[in-house]
Amino acid sequence: MTQPWADQSRLHSGRLPARASFVGYPDATTACTLQRGLSDQWLSLDGEWRFAFHDRPDLVPDAFWSAPQDWPAITVPGIWQTQGYGRLQYTDEEFPFPVDPPNPPADNPTGAYQRTFHLEPEDLDRHIVLRFDGAESFLEVAVNGRPVGFSKGSRLTAEFDVTDHVQAGENLLSVRVLQFCDGSYLEDQDMWWAGGITRPVTLLLRPHARLDDLVVRTTFDDAYRDATLSLSAQCSDEVGALGWTLLDADGAPVASGQCGDDWTANATITTPRQWSAEDPYLYTLLLSVHDRSGTVTEVVPQRVGFRQVEIRDGELLLNGRHLVLHGVNRHDHDDHDGRAVGLARMERDVVLMKQHNINAVRTSHYPNDPRFYELCDRYGLFVLAETDLECHGFAVVGDLSRITDDPSWQDAYVDRIERHVRAQRNHACIVMWSLGNESGYGVNIPAMYARCRDLDPTRPVHYEEDRDAEVVDVVSTMYSRIPQLNDFGEHPHPKPRILCEYAHAMGNGPGGLWEYQQVIDRWPSIQGHFVWEWCDHGILTTTADGTPFHAYGGDFGDVPNNGNFCIDGLVLPDQTTSPGLLEYKQVLCPLRVEWDGAQLLLASRFQFTAAGGLELALEWLVDGTPVAASAVDVPSIEPGGTAAVPLAPPVLPDGEQLLTVRVRRRAATPWAPAGHELGAFSFALAVLPATPVVLPAVISPSTRRRNRLSTVLRDGLLEVTVADGVVAFDRVNGRLARWVQSGRELVTEPLAFHLTKPVIDNHRTLAETLWEPNRLREATERCLGVEWRVGDGSVLIEAESRFAPPDRPWGVDLRTRYEVRPDGAVVVELSGEPDGYRDLVQAIGVDIGVARPFRHSTYYGRGPGENYPDSQQAALLGRYDADVDHLNVDYVVPQDTGNRCDVRWFALRDRLGAGLLVAGEEPLDVSAWPWTGRVIEAARHRHDLVEDPRSITLNLDHRVLGLGSHSWGQEVLDSHRVRLEPFRFAFTLVPLTGDADPGVVWRGLGGTDGGRRC
């Protein structure tokens, strides 16, 4: 006989019908706490269980089912792979076993779990239910040696009636979990393949007179003023009456009544406060269950948010208003426990989303822990609730729709959406259901849709692979390019459109979020967008010597694997925010600010609430330094409205005058303290010449005693003696090779031209198809001639060279000019004429090694964090300080990092303030690394990065390629592409003494005259 784990027609045995997720309490007071631990019905079975791991299910001994085993302990919830058993494997699409549906592999990792629980004699007079919120992927249960049943669906709740299986005193619970079953063909969701009891296990001690299920709906009248609260319950036969009371958030009664004989009720609620992600106001519904004698046997609380979702004339509406979902895709992931995500981490995810202006989350690609929806109700996030379905591996074998279009699998498909909707349909946060992801199209999709709408006709249904929305209610696309989005907007579909995935956030990125958002905001028919994805799926592990690092595909010997394609989130594995998340926050700022020279123009992007309770923190800066500050209140602005705030700038010193406007909440919220910043904007007011500073006075007192420069030829170098130092140039290649200042080595590695950087994930395709075939990284500089002369008190060195790769017919004719000034400054000018290759490059610039003691940076440019040409909305012009280590981001996979755009000047200094200043003729892109570029490029993990013992690598770039999101998304936009075309740029290198302020030195170079700064 076929085993149940290899038969898609056998969905379960003994499993109770799916129901709403709720808990009963002994009285109303306790019920209002909504704390499950205070319920007399709730007994958690989480914690230590006994465990044995086997390669196949048949190897589990028969005695396991009926007798306690002396096995080691394991933690539940958890996956066994992070607790020392089996092996993790990451694939994006491929099934990790032979594709032979419905058969799982013969070698099928299996976990045998045991624990005991204690019941008092009076507990036996209860209806006792054993609940599993998630187990991957086949779950089989016995209590006291008696079979209870089995279930499939790894991220769906399974409940079993064990009333007739338990006894007073100790009870033995035995659970067998198979990592793979026929259901695994429906669960190929671009994540780690794992096994175990991944979500909480609970024993529910229910009264015999009890509430079995509940459906709560809210609908508004035509004016969206008054609402109807509709209740529909299922009760056990012992129930005699069912009463209800609706309380407001302060616990005051709003309405009450009794359900009829059919356990339904309808009540009109006058002007309820409407729930939205912006104002997640929740009422509490208390259902009092009475037995036939009139005794209250339980009180069941249910949070209620009054809101109505509908599509009218092709427009998605919430409470009658146009709804736009600004979202992210979220997988369950914890860097310690993999798929087993605790409540604290879940809540931290939700809080971070709220703090970064995200209003929606797609539960990609399966139902979440029931507690996650409660958090979204309470904090305010719109949810696109996806069911546990993805068959992506069939695309690899050339037939994505293979089982989706197979009627023999229809019950398995429908079962998943049915259980999902029944369990979560009472949550206000859920505004749309999703039938799954990347499973092709076929007869089973319409069947799922019909069942979903039958169970819940109040919400629209999504499924991206119904490409023209023939069945589902919204049309959805993935990774649509910006031109395509414009086309969608100009020719709208009859149904609302969302981008269920876009802007792939892999590694350093994504770029282009601002450009995407401008198009999304332009077209009302585009009503949702979800960045892929929320969190890097790195697993915290250690090297052989105990060094911790985050692992990805292939690090556990797993074959096949998709490498670091799972490292693609807006937060790092430990929930550290990335620059990409900060950029997304700014792009989504709900109050846009513009400056017209006389007033601040405010535009509210709130959709449901007035833009009140906000203030604008104003800061005026000159040359990046704050000189004045004030604050003004934001007037109340209706959703989508505008306002103007007149503003007269104070009298400011001469220099580059800037205004920074920070939008802040005055009061605390449940997700952020008072003063939380929603976004910030920077505006240029004027550029006025500052009073010139005599440069020698800010470099070194000894320069006052100089007479003239001297030159000497020594060991192949041209040494130029300057104030307190010696600058040396290689006579063969014409490079600035070494610099000793005040007896200390300042420059340790020669200045070198480059077109490449360590490749970021978004540029891998470019690297493989363009840069590697053209050997850009192998290009070297061959000097054609060097000349030098002394003139006008300065030493001029000019070099001509050819920058070219081996065995390729292209190159760049370079001309490098150095001017060594008597005051100690060195002006560098580079120009180039390329031939044979005019395509994209990563950068056009130079790098130079600065001695390691000069590790502290101060700069005037965009910051404080990393920023790039197509990811700089969150980076404001200003003056910033940071150690070199803190300039760079700890990406799981090392890659280019730490760039700062629009840098006027950049200084590297030691702890006493001495060092080197760089000032561009025009603003530069600058980064500084404690490693060489080659070390970064070769590293697979953070622990592979070995710091250069001598040098800080300082990159001074004329232009840098935008990030894009081409790992699977949008290529770098044309406006942020860098092509190898004729170029010229210049900058000045100035040695600093400990008492010199870099900004003052920059002014002495003419830094605010709007013209040449060298």
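Colleague: A polar contact is a pair of N or O atoms within 3.5 Å; within protein, one must be able to donate a hydrogen and the other to accept it, and residues adjacent in sequence count only if both atoms are side-chain atoms. So which side chain does the side chain of Ser951 join in such a contact?

Modeller: Bear in mind that this is a predicted model, where local features need pLDDT of at least 70, side-chain atom pairs count only at pLDDT 80 or more, and totals for chains, interfaces and linings use all residues. Residues are numbered from 1 along each chain as its sequence is written, and side-chain values use heavy atoms, with hydrogens and water left out. Ser951 is in strand S59 (residues 951-960), a strand being a DSSP run of E, at least two residues, numbered from the N terminus. Over 2.4 Å, its side chain makes a polar contact with that of Thr748.

Colleague: And is Ser951 buried or exposed?

Modeller: Buried means under 20% relative accessible area, exposed over 50%, partly exposed in between (1.4 Å probe, protein chains only). Ser951 has 1% relative accessibility, so the verdict is buried.

Colleague: Let's try a loop. How far apart are the C-alpha atoms of Asp237 and Asn888?

Modeller: Asp237 lies in the loop linking strand S18 (227-235) with strand S19 (239-247). Its relative accessibility is 65%, so Asp237 counts as exposed. Asn888 is 651 residues away along the chain, and the C-alpha separation comes to 65 Å.

Colleague: S19 also turns up in a sheet. Which strands stand at the edges there, each with a single partner?

Modeller: The sheet is open, has four strands in the order S20-S19-S22-S23, and its pairing is antiparallel; two strands pair if DSSP finds at least two bridges between them. Having just one partner apiece leaves one side of each edge strand without a neighbour in the sheet, so the two to look for are S20 (253-258) and S23 (296-304).

Colleague: Which residue in S23 stands opposite Tyr283?

Modeller: Strand S22 covers residues 283-291 and pairs with S23 in the antiparallel sense, over eight bridges. Facing Tyr283 from S23 is Val304.

Colleague: Moving to S12, which of its residues is the bridge partner of His118?

Modeller: S12 spans residues 169-178 and is mostly covered, with nine of its ten residues buried. Strand S6 (residues 110-119) runs antiparallel to S12 and is joined to it by ten bridges. In S12, His118 is partnered by Glu170.

Colleague: S9 also pairs with S12; which S12 residue stands opposite Leu139?

Modeller: Strand S9 (residues 138-143) and S12 run antiparallel, joined by six bridges. Opposite Leu139, the S12 residue is Val177.

Colleague: Now helices. How many residues of H9 are buried?

Modeller: H9 runs over residues 579-587, a helix being a DSSP run of H or I, at least four residues. The buried ones include Pro579, Leu581, Glu583, Tyr584 and Lys585. H9 is largely enclosed by the rest of the structure, because of its nine residues the buried number is eight.

Colleague: Last one: which element gives the most to the lining of the largest cavity?

Modeller: A cavity is a set of points, on a 1 Å grid over the protein atoms alone, where a 1.4 Å probe fits but cannot get out, and lining residues have an atom within 4 Å of a point. Here the lining has 21 residues, with Ala18, Arg19, Thr157, Arg419 and Ala423 nearest the centre. Strand S11 (158-161) and helix H5 (410-424) each supply at least two of them. With four residues, the biggest contributor is H5.

How values were computed: 1 Å grid on protein atoms, 1.4 Å probe; cavity = no way out; pocket = protein on both sides within 12 Å on 5 of 7 lines; lining within 4 Å.
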